[in-house]
Amino acid sequence: MNFWIDVLPSVVAAIFIWWGATGIIIYLCGRRTWRPWVFGVVTLAQPFAFWQVMATRDSHDVGGVFAQFFWAIIIWSWIETSYYSGFIVGRKNIPEIEPGTSTGLRFRRAIAANLYHELMIIGLSIAVVIVGWGGSNETGLWTFMILHWTHQSAKINIFLGINNLTTEYLPDNLKYMAQYFSQKPLNSFFPFSATISTIIATALFISAAQSNTAGEQAGQALLFVLMVAAVIEHWWLVTPVPSKAWDWALKSRKADQQQLPTIQVVCGYLGSGKTTLIRHLLPQFDERVAVLVNDFGAVGIDAELIRGDNAAGMVVELPGGCVCCTLQKNLSGQIINLLETFKPERVIIEPSGVAGIEEIVKALASPRLVKRVANVEVVAVIEAPRLLAAGGLPEFVVTQIKAAGAIVISKTDLVQPGEVGRVAKVVSALNHKARVITAINGQVALTELFAVAPELPAEEEHEAHQHDEENGGLISFGEEYTGEFDPQALRDLFVDLRDGHYGPVIRAKGIFHARGGRLAWDLASGNITERILTPPLPDELPGGRFMAIAEDLTTEQLQERLQGCIIPAVSL
Ligand SMILES: Nc1nc2c(ncn2[C@@H]2O[C@H](COP(=O)(O)OP(=O)(O)OP(=O)(O)O)[C@@H](O)[C@H]2O)c(=O)[nH]1
């Protein structure tokens, strides 16, 4: 009983010093303008901290032991501060990790990215050994060594793969480090590291219990608590429970984040209703919005549709192909360009309907980009009729659902009212954290959609993905035309496309000039829609754009048929 009363001050002090120092560093390094000051002050404290460790190495009373513990924490704080402030980290301009990068290469790049930080730890460890070794009170030395072990062990575990990555504690300037993390339920190093930590904690406990003097007991108790914290930190890595221990320290970041734009990725399968949703949302924003659109086909249609709703903003059409594959490298560069030239307060990305969301999120985690944006949010648009009809969702749609902070169930007007609940249950079962909203023709209130704390998928190591395999070998066809179109001929064409006359078409759309104005045609999920976009424009040359995505397509016949929809010049 006496033992516990005796060690209680050490236990309480160790918990508060370790937890408090970590939180204070996260807090102070969370604000960009504070970082140089924090780093400067902690750096200036170092000669004094080393001198204190040296001065108390033979004071084995309780005061001397506490002083050693405290000053060792201050020395360790220098390492943490230099890292979190971004002043001593590692080599810059290291190529980014791409899908399919080998573990060996990822490891070498991770080392390079953390090189100066790791060298600093080694250098300071040697310095602490020099000043602390051989005294009758080595509490400072062992405090530092325990922190060193916990740090290395956590880093190796996070690199090899753990369940709970807690990337939220990385400040904006270090978010790119997440590319060296991997998420797995467990890795082979974990049992070893957790066992070692537990054995050391047990040995320290026994040592504290068997101590002969109050100073010795206090020292062993302080080290024991630090090691217990290491064991808890280890288990936290593998349990899915989010650590809230330092959430209070994240508050300082809010001011910086409010000034940075947010990126919203609106993903969903071909024809699910992404463009319709974005078009409905755009008039609701009172900010400068830039929209990046990427159609799967070579001919972009969506950008032209969106442009009309975002007159005050900017619409950028990304080249044809899938944004997640062909543009992965390019995407972050395009966005940075956009941020610098147009300075939007919000960026909305509409990837093509077959884009893998993981690759996009990875591209958005690029080191150059993360420090320029406040947040990346994912909205998944899931078509109710398709989900009910499919009897199973393609894997990449499941990934989109899991990645989303908000899920919009679209086309609920095309299913029975009772079935909407079934769809909601399916998506909620896949992602219980996401807000699920139902919509007809994209009619969603902005506040409802973005009032969500989004969850980004953990970055996993995965194979470079193959659209051909995942999507049953989709091909796209797209062309632009000049001339005025016959609406009835287009009507008949879309019916024939739906009925499979040109092959199994999954998605077709187009914008065509006709006498009645600019017409938009859509074929999605077997439904055809025809809309008038604008009345005829007097100065504009008449023309049209068409694209189709199919598993197989008789392209030549389709080309001829489209040409046949143009009213011959003589009869105009
Ligand atoms: N009935 C009905 N139709 C909808 C709804 N939402 C979208 N649509 C129609 O579905 C078709 C495809 O919608 P888009 O918004 O273009 O779909 P998308 O996901 O942007 O399509 P891609 O970019 O080609 O993948 C259009 O004809 C829309 O009018 C809805 O809630 N109900």
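How many salt bridges does the structure hold? The structure, which is a predicted model, holds eleven salt bridges. In one of them, the side chains of R561 and D496 meet, with 2.8 Å from N to O. This pair links distant parts of the chain, as R561 and D496 are 65 residues apart. R561 belongs to helix α21, which covers residues 555-564, whereas D496 belongs to helix α20, which covers residues 487-498.

## The surroundings of the ligand

The model also contains a ligand, and 21 residues surround it. The closest of these are T275, T276, N441, K509 and T529. Sorted by class, the shell around the ligand has eight charged, seven polar and six nonpolar residues.

Which elements each supply at least two residues of this shell? They are helix α10 (274-281) and the strands β9 (505-514) and β10 (517-524). The largest share, three residues, comes from α10.

Several polar atoms of the protein lie beside oxygen atoms of the ligand. The table lists three such pairs.

| Residue | Polar atom of the residue | Distance to an oxygen atom of the ligand |
|---|---|---|
| T529 | side chain | 2.5 Å |
| R507 | side chain | 2.7 Å |
| G273 | backbone | 3.0 Å |

Taken alone, the ligand exposes 650 Å², and the protein buries 92% of that area. T529 appears in both descriptions of the site: T529 is among the closest residues of the shell, and a polar atom of the T529 side chain lies 2.5 Å from a ligand oxygen. For G273, by contrast, the polar atom in question belongs to the backbone.

## The annotated transmembrane regions

An unreviewed UniProt entry carries the annotation "transmembrane region" for residues 12-30, 37-54, 66-84, 115-135, 189-209 and 221-238. What proportion of the chain is helix over residues 12-30? Over these residues the chain is 89% helix and 0% strand, and the C-alpha atoms at the two ends are 27 Å apart. Over residues 221-238 the chain is 100% helix and 0% strand, and the end C-alpha atoms are 26 Å apart.

## A nonpolar patch on the surface

Another of the regions annotated in the UniProt entry covers residues 115-135. In the model, helix α5 comprises residues 115-132, and L119 is found in this helix. Together with Y116, I122, I126 and I130, L119 makes a nonpolar surface patch of about 510 Å².

Methods. Residues numbered from 1 in each chain as written. Predicted model: local features only at pLDDT ≥ 70, side-chain atom pairs only at ≥ 80, totals over all residues. Heavy atoms only, no water. Near = heavy atom within 4 Å. Polar contact = N/O pair within 3.5 Å; in protein donor to acceptor, adjacent residues only side chain to side chain. Areas by Shrake-Rupley, 256 points an atom, 1.4 Å probe, with all protein chains shown as cover. Helix = DSSP H or I, 4+ residues; strand = E, 2+ residues; numbered from the N terminus. Nonpolar A, V, L, I, M, F, W, Y, C, P; charged D, E, K, R; others polar. Patch = residues over 30% accessible without salt bridge, like charges linked within 9 Å, V, L, I, M, F, W, Y side chains within 5 Å. Salt bridge = Lys/Arg side-chain N within 4 Å of Asp/Glu carboxyl O. UniProt positions renumbered as here; feature names shortened; annotations may be inferred.
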